[in-house]
Amino acid sequence: MMTVLSSPPPSYSVSWLSFFSSNSFAYFRTQPSAPSTSSCFLNRPPIRISNVFTNQQHTIPLHKSKFRVSEGASEDEFWAAACLRIRTFNHFPPDSFGIDDHKKYLAEHEFEAMKERIAGKRVGFKRVSCINATLPLSEISTLAEDLCSTCKFSDNGEDRVVVGTLDLNQCVRLPDEITGLKPEGIGADFARAYLSNVCVAKELQRNGLGYALVAKAKTIAQDWGISDLYVHVAFDNEVGKKLYMKSGFVYESDEPSWQARFLDRPRRILFWTPLAQSLL
């Protein structure tokens, strides 16, 4: 059952992907990983708005003291986080021609989009933070070679690996998503924030990383003055719903069926939590 929190992204980070997969490189088109209990996987390329999907393969148990969950601070770390998202949100047939170039292309575009969001260059977003869970490379280098080679970065001379990531978005709404209703009142819109692009490496599911990422995001959001935090979850994603309910979220609304059909994706539920109460 384990979770790699995933989230179909706001359209502001995937427009380039839609163009790419519908044009000259269409034969490389990636499909979302089989959503056995997947949250919001759309039938289109990466970056989703907070969900959780499961993978039945064996996961690596690690002591929680080894993990570090913090805001990303360097381009090297942002690149590693972008690579984890591409690795997590797509299924790449191993025998596909030129697949490494395609992965690099997707990662480069997510990396650039991530930097723009964090730098405040996206209209409608007051603040965005990339929050990552990382491990020292030495802890898993012999246990998850592909993950280590793909998502490694250097931090003050120490090699670490991004093993979980999400975005915290301070904004009124996310493009193509249900809009939260709280807080109410004039001038209160930017006291609202959304989680998106939530994922955990499949090798390290069942280690509490999803819960730790959400908890860190709640703390940072409260520091920003956010009073109401939202997350979107696929309607049939029981694993994702359990995670967010455990984190203090409750149901607020759900997406109309016609909208999900129009956007060619699973129907979403919008969960909400009041930070002042949830962090007591």
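How many of the 280 residues in the protein are buried, as a percentage? Buried residues make up 56% of them. Keep in mind as you look around that this is a predicted model.

## The overall picture

Let's start wide. The protein has nine helices and 10 strands. If you take the contacts between residues at least 6 apart in sequence, 77% of them join residues at least 24 apart. As for the outside, the protein exposes about 12,100 Å², and carbon and sulfur atoms supply 54% of that area.

## Strand β6 and its partners

A good place to zoom in is strand β6, which covers residues 158-171. Of its 14 residues, 12 are buried, so β6 is largely enclosed by the rest of the structure.

Which strands does β6 pair with? The table lists β4, β5 and β7, with a sample residue pair for each.

| Strand paired with β6 | Bridges | Direction | One residue pair |
|---|---|---|---|
| β4 (residues 125-136) | 11 bridges | antiparallel | Arg 127 and Gln 170 |
| β5 (residues 152-155) | four bridges | antiparallel | Lys 152 and Val 161 |
| β7 (residues 192-200) | six bridges | antiparallel | Thr 165 and Cys 199 |

Here is how to read those pairs on the model. Arg 127 has its bridge partner, Gln 170, in β6. Lys 152 stands opposite Val 161, again in β6. With β7, the residue to find is Thr 165, whose bridge partner there is Cys 199.

While you follow these strands, one rule of thumb may help: in a regular strand the side chains alternate between the two faces of the sheet.

## The turns and loops around β6

Strands β5 and β6 form a hairpin, with two residues between them. Asn 156 sits in that turn, in the loop between β5 and β6. Is Asn 156 buried or exposed? At 81% relative accessibility, Asn 156 counts as exposed, because the cut-off for that word is over 50%. The backbone here deserves a look too: Asn 156 has a positive phi of about 50° although it is not a glycine.

Further along the chain, the loop between β6 and β7 holds Pro 183. The peptide bond leading from Lys 182 to Pro 183 is cis, with omega near -5°.

Another positive phi turns up at Asp 264, which is not a glycine either; the angle there is about 55°. You'll find Asp 264 in the loop between α8 (257-263) and β10. With 47% relative accessibility, Asp 264 counts as partly exposed.

## Thr 134 and Arg 68

Now back to β4, where Thr 134 lies. Thr 134 counts as buried, because its relative accessibility is 1% and the limit for buried is under 20%. What does the side chain of Thr 134 make a polar contact with? The partner is the side chain of Arg 160, at 2.9 Å. Leaving out residues up to four places away in sequence, Thr 134 touches a list of residues that includes Lys 66, Phe 67, Arg 68, Glu 77 and Phe 153. Val 161, Val 162 and Val 163 are also among the residues that Thr 134 touches.

Arg 68 is worth a stop of its own. This residue is found in strand β3, which covers residues 68-71. Arg 68 and Thr 134 are 66 residues apart along the chain, and their C-alpha atoms are separated by 5.3 Å. With a relative accessible area of 30%, Arg 68 is partly exposed. Its side chain joins that of Asp 155 in a polar contact of 2.7 Å. Beyond four places in sequence, Arg 68 touches Asn 132, Ala 133, Thr 134, Phe 153, Asp 155 and Arg 160. Arg 160 and Phe 153 are therefore touched by both Thr 134 and Arg 68, a contact being heavy atoms within 4.5 Å.

## A last stop at Thr 273

Finally, find Thr 273 in strand β10, residues 268-274. Thr 273 is buried, with a relative accessible area of 0%. Where does its side chain reach? The side chain of Thr 273 reaches the backbone oxygen of Gly 248, at 3.0 Å.

Technical notes:
Residues are numbered from 1 along each chain as its sequence is written. This is a predicted model: local features need pLDDT of at least 70, side-chain atom pairs count only at pLDDT 80 or more; totals for chains, interfaces and linings use all residues. Side-chain values use heavy atoms; hydrogens and water are left out. Buried means under 20% relative accessible area, exposed over 50%, partly exposed in between (1.4 Å probe, protein chains only). A polar contact is a pair of N or O atoms within 3.5 Å; within protein, one must be able to donate a hydrogen and the other to accept it, and residues adjacent in sequence count only if both atoms are side-chain atoms. Two strands pair if DSSP finds at least two bridges between them. Accessible areas come from the Shrake-Rupley method with a 1.4 Å probe; for residues, only the protein chains shown count as cover.
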